[in-house]
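Subject: Structure for your files

Hello,

Here is the structure I said I would send. My notes on it follow below the files.

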Amino acid sequence: MHRGTGSPIGLHRVVEPAGVLPQAAWRLDATPEIYDDEVRIAVERLNLDAASFRQLTEAHASPGAVRDEVVRIVGERGKMHNPVTGSGGMLVGVVDEVGPHSPLGLAPGQKVATLVSLTLTPLQIRDGLSGWDGHSEQVPAAGTAILFGRSIAAPLPDDLPPPLALAVMDVCGAPALTERVVKRYDAPRVLVIGAGGKSGSLSMAAARRAGASGVVAAVPTPDEADAVADSGLADDVVVVDARDPVAVAQVVTPTADVTVVCVDVPGAEGAALLATASGGTVIFFSMATSFSAAALGAEGLAADVTMLVGNGYTPGHAAMALDLLRTEPGVHRLFTRRLADLDLDMRVSP
């Protein structure tokens, strides 16, 4: 028996404070009984966003303490919403039950990735994350999640290992918006800060495909520089601390027409502004971004740039990102290298 018809944007699941959207809520009702327009997912794996996972690992002394903190957050808030970074991630699982009025077109038994943030997804964890060692942002989990009438989910592709598909779909908004912005310019020069990560590698490939005249990759270590150079996705690779705006400005010459910020640490706003030409665009895809620092920093530098918040949703974004993975060998190499470092199972399910 269902609980009635809910709000398509999930207002009926907000516990506190009243009157806010689920993303802004402190706590959600995550009970598994669904409303008529909802879908319940049997959770198999969470993917914590990079900024949140970094903060958790830096704030806690051991992987076990990181695991306990994630369990605590979900139990307290009814969702995975890191109170420090304000970010969460996304998940994969199997469709368990579909309400009769759900508009999502999902069917029981489908394995799907949710393309909406865990910060607004009602979530219960039943296994205490006992299968997670705390070393990876991908978290084996057993529990339930709820999708609203206006949520987004996509079936997992059959030809890719689930951890690889999840890693790509977690950041699929980045290449879609990068492509859209690059196409507004005539053969622009593009800088990707944090190019060795998931969103960075996809953004480089999207920029090149969209007509960039040159792609500059900024990475923090020589090892990442070697990996990005080997991918062939960048024309130039620079090793620089994104938190040092003067150093970034010195090595990125000439300045970029489009800068894409994909780092998982705070403090890259000034570097992005100094490295972007007048009339250019900065896309902030990092959840570690301080948007007040970006806005006030641009004002203080008299920087005539357009600044965009990286929206995780663009029509067709998941299909585009998966196509880049399949067709760009450099993207595939960077992703599989990253997942191999995390010792994830990369077999394709039968």
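Strand S10 (residues 214-219) is mostly covered, with six of its six residues buried. The cover is on both faces of S10: Gly214, Val216 and Ala218 are buried on one side, and Val215, Ala217 and Val219 are buried on the other. Please keep in mind that this is a predicted model. S10 pairs with S9 in the parallel sense, over five bridges. Within that pairing, Val190 stands opposite Val215 of S10. Strands of a sheet pair through backbone hydrogen bonds, and the pairing can be parallel or antiparallel.

The antiparallel sheet

The antiparallel case is found in an open sheet of six strands, in the order S6-S7-S3-S4-S5-S8. Its edge strands are S6 (123-125) and S8 (153-155), each of which pairs on one side only. From one strand to the next the twist averages 35 degrees.

Strand S3 (residues 39-48) has eight of its ten residues buried, so it is largely enclosed by the rest of the structure. Nine bridges join S3 to S4 (residues 89-98), and the two run antiparallel. Leu48 stands opposite Gly89 in S4. S3 also pairs with S7, again in the antiparallel sense, over eight bridges. There, Ile41 stands opposite Ala145 in S7.

Towards the S8 edge, S5 (residues 111-114) and S8 pair in the antiparallel sense over three bridges. Ala113 has Ala154 in S8 as its bridge partner.

Cores

Which residues have the most contacts inside the largest nonpolar core? That core has 53 residues, and the ones in question are Met169, Val190, Leu202, Met204, Val260 and Phe335. Another core, of 25 residues, lies apart from it; Phe53, Met80, Val112 and Leu147 are among its members. Val190 thus comes up twice in these notes, as a residue with many contacts in the largest core and as the one opposite Val215 in S10.

Phe335 is worth listing in full. Leaving aside residues up to four places away in sequence, Phe335 touches Leu164, Ala167, Val168, Val171, Lys198, Ser201, Leu202 and Leu325. One of these, Leu202, is also named with Phe335 among the residues with the most contacts in the largest core.

Helix H11

Phe335 is one of the buried residues of H11; the others are Gly330, Val331, Leu334 and Leu339. Seen down the axis of H11, these buried residues fall within an arc of 160 degrees, so they line one face of the helix. An α-helix has 3.6 residues a turn, so residues three or four places apart point the same way. The face of H11 turned away from the buried side carries the exposed residues Ala340 and Asp341.

H11 (residues 329-341) has 13 residues and reaches 18 Å from its first C-alpha to its last, close to the 18 Å expected at 1.5 Å a residue. Its buried residues pack against strand S7 (138-147) and against four helices: H3 (162-170), H5 (198-209), H6 (222-231) and H10 (317-327). S7, in turn, is a strand of the six-stranded sheet.

Backbone details

Where are the cis peptide bonds that I noted? One joins Glu16 and Pro17, with omega about -10 degrees. Pro17 lies in the loop between strand S1 (14-16) and strand S2 (27-28). Another joins Thr253 and Pro254, with omega about -5 degrees. Pro254 is placed in the loop between helix H7 (245-251) and strand S12 (256-261).

Leu129 has a positive phi of about 55 degrees although it is not a glycine. Leu129 sits in the loop between S6 and S7. Is Leu129 buried or exposed? Leu129 is buried, with a relative accessible area of 0%.

Ala187 has a positive phi too, of about 50 degrees, and is likewise not a glycine. Ala187 belongs to the loop between helix H4 (173-182) and strand S9 (189-193). With a relative accessible area of 40%, Ala187 is partly exposed.

Regards

Definitions and conventions: Residues numbered from 1 in each chain as written. Predicted model: local features only at pLDDT ≥ 70, side-chain atom pairs only at ≥ 80, totals over all residues. Heavy atoms only, no water. Pairing = 2+ DSSP bridges. Axes fitted to C-alpha atoms, helices over the stretch in contact; angles between N-to-C directions. Core = buried A, V, L, I, M, F, W, Y, C linked by side-chain atoms within 4.5 Å. Buried < 20%, exposed > 50% of the residue type's maximum accessible area, 1.4 Å probe, protein only. Contact = heavy atoms within 4.5 Å. Expected span 1.5 Å × (residues − 1). Arc of directions from axis to C-beta.
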